[in-house]
Amino acid sequence: MILKIENLQKFYGTHQVLKDINLEVKQSEVVVILGPSGCGKSTLLRCINGLEEIKDGSIYIENEKITKDFKEWTKIRQKVGMVFQSYELFEHLSVKENICLGPLKVQKRKKDEILQEAKMWLEKVGLAHKIDAYPRQLSGGQKQRIAIVRSLCMNPKLMLFDEVTAALDPEIVREVLEVILNLAKEGMTMLIVTHEMGFAKAVADKIVFMDEGQIVETNTPKAFFENPHSKRAKKFLNLFDYHT
Ligand code: ADP
Ligand code: MG
């Protein structure tokens, strides 16, 4: 098991935003989280990466137990890569420098080794020729692919993706989703939040549907999209005109 969450509770003030979340992600498994806006998807991913304080419950990352007062997040964040909607590259650093920063400074790895890995990933996402470019010289889709490469070069055991295509123009959404589909084929373990239903169906081994801070349904993609067992999931799916 790469990730296991037990009875996770999260509050913002008195507002409970995550209610007794239980979730498991196995090695090489791709779990897609779906659910209406505000149901707690981002908060859940942020808790896994230590960006939010939890009230109660446990998170296990490769058998390392994390509870309320856990402090060693630097160690965990090297195992858990996260890519957000906004790419957050450093504008004053080149692609190469953006990618090498974490492995060099945090992981203290050798520059040659990191560069080799960076080139390998850049090749895979079709951006080898942009290694010396600056973020301002890249399109949104390219920046997002670089953000993914930057995260991959930390050699994470688990990747978290939070609506990574939400801010992109429709015609370039595909190029970013392709990268994630290829990662799935290569066996990367991933937890993905998306509103791209066709993509969710194609990439997921398991769909987790959330509503109002709770996991309402866990299902195979086929069963979820063809015949969800919860009423709330049916209602949610009716809002989408998805093609697969
Ligand atoms: P989703 O990603 O599913 O749209 P979020 O995890 O962003 O949902 O938000 C879950 C709930 O928590 C929402 O009601 C949202 O308004 C609230 N929330 C999110 N971030 C904060 C915050 N920093 N402070 C207070 N409330 C927040
Ligand atoms: Mg969100």
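Biologist: In this predicted model, what is the order of the four strands that form an open sheet?

Modeller: Happy to start there. The two edge strands are β2 and β5 (64-66), each pairing on one side only. The pairing in this open sheet is antiparallel, and the four strands come in the order β2-β1-β4-β5.

Biologist: By how many degrees are neighbouring strands of this sheet turned against each other on average?

Modeller: Picture the antiparallel sheet of β2, β1, β4 and β5 again. Leaving direction aside, its neighbouring strands are turned against each other by an average of 25°.

Biologist: Which residue in β4 is the bridge partner of Glu-6?

Modeller: Let's find the strands before the residue. Strand β1 covers residues 3-12 and strand β4 covers residues 56-61, and five bridges pair them in the antiparallel sense. Across in β4, the bridge partner of Glu-6 is Ser-58.

Biologist: At about what angle to β1 does α1 run?

Modeller: Good one to look for in the structure. Helix α1 spans residues 41-48. It lies across β1, β2 and β4, and its angle to β1 is about 115°.

Biologist: Which element gives the most to the shell around ligand 1?

Modeller: Start from the residues that surround the ligand, among them His-15, Val-17, Lys-41, Ser-42 and Thr-43. Two elements give two or more residues to this shell: β2 (15-25) and α1 (41-48). With three residues, the element that gives the most is α1.

Biologist: How far is an oxygen atom of ligand 1 from an N or O atom in the side chain of Lys-41?

Modeller: Let's go through the polar neighbours one by one. A nitrogen atom of ligand 1 is 3.4 Å from an N or O atom in the side chain of Tyr-12. An oxygen atom of the ligand is 3.2 Å from a polar backbone atom of Cys-39. For the side chain of Lys-41, an N or O atom and an oxygen atom of ligand 1 are separated by 2.8 Å.

Biologist: What percentage of the accessible area that ligand 1 has on its own does the protein cover?

Modeller: The shell, by class, has four nonpolar, six polar and one charged residues. On its own, ligand 1 has 560 Å² of accessible area, and the share covered by the protein is 58%.

Biologist: Now for the six strands: in what order do they form an open sheet?

Modeller: The edges help here: β6 (80-83) and β10 (214-219) each pair on one side only. From one strand to the next, the twist averages 20°. The pairing is mixed, and the order is β6-β7-β8-β3-β9-β10.

Biologist: Do β6 and β7 run parallel or antiparallel?

Modeller: Val-80 stands opposite Leu-158 in β7. Helix α5 (residues 140-152) lies across both strands, at about 170° to β6. Strand β7 covers residues 158-162, and four bridges join it to β6; the two run parallel.

Biologist: Which helix packs on the sheet, touching β3, β9 and β10?

Modeller: Those strands cover residues 30-34 for β3 and 206-211 for β9. The helix we want covers residues 231-238, and its direction makes about 95° with that of β9. The helix is α9.

Biologist: Which residue takes a positive phi in the hairpin of β9 and β10?

Modeller: Five bridges join these two strands, which run antiparallel. Met-210 stands opposite Ile-215 in β10. The hairpin has two residues between the strands, and the residue with a positive phi, near 50°, is Glu-212.

Methods. Residues numbered from 1 in each chain as written. Chains lettered and ligands numbered in written order. Predicted model: local features only at pLDDT ≥ 70, side-chain atom pairs only at ≥ 80, totals over all residues. Heavy atoms only, no water. Near = heavy atom within 4 Å. Polar contact = N/O pair within 3.5 Å; in protein donor to acceptor, adjacent residues only side chain to side chain. Areas by Shrake-Rupley, 256 points an atom, 1.4 Å probe, with all protein chains shown as cover. Nonpolar A, V, L, I, M, F, W, Y, C, P; charged D, E, K, R; others polar. Pairing = 2+ DSSP bridges. Axes fitted to C-alpha atoms, helices over the stretch in contact; angles between N-to-C directions. Contact = heavy atoms within 4.5 Å.
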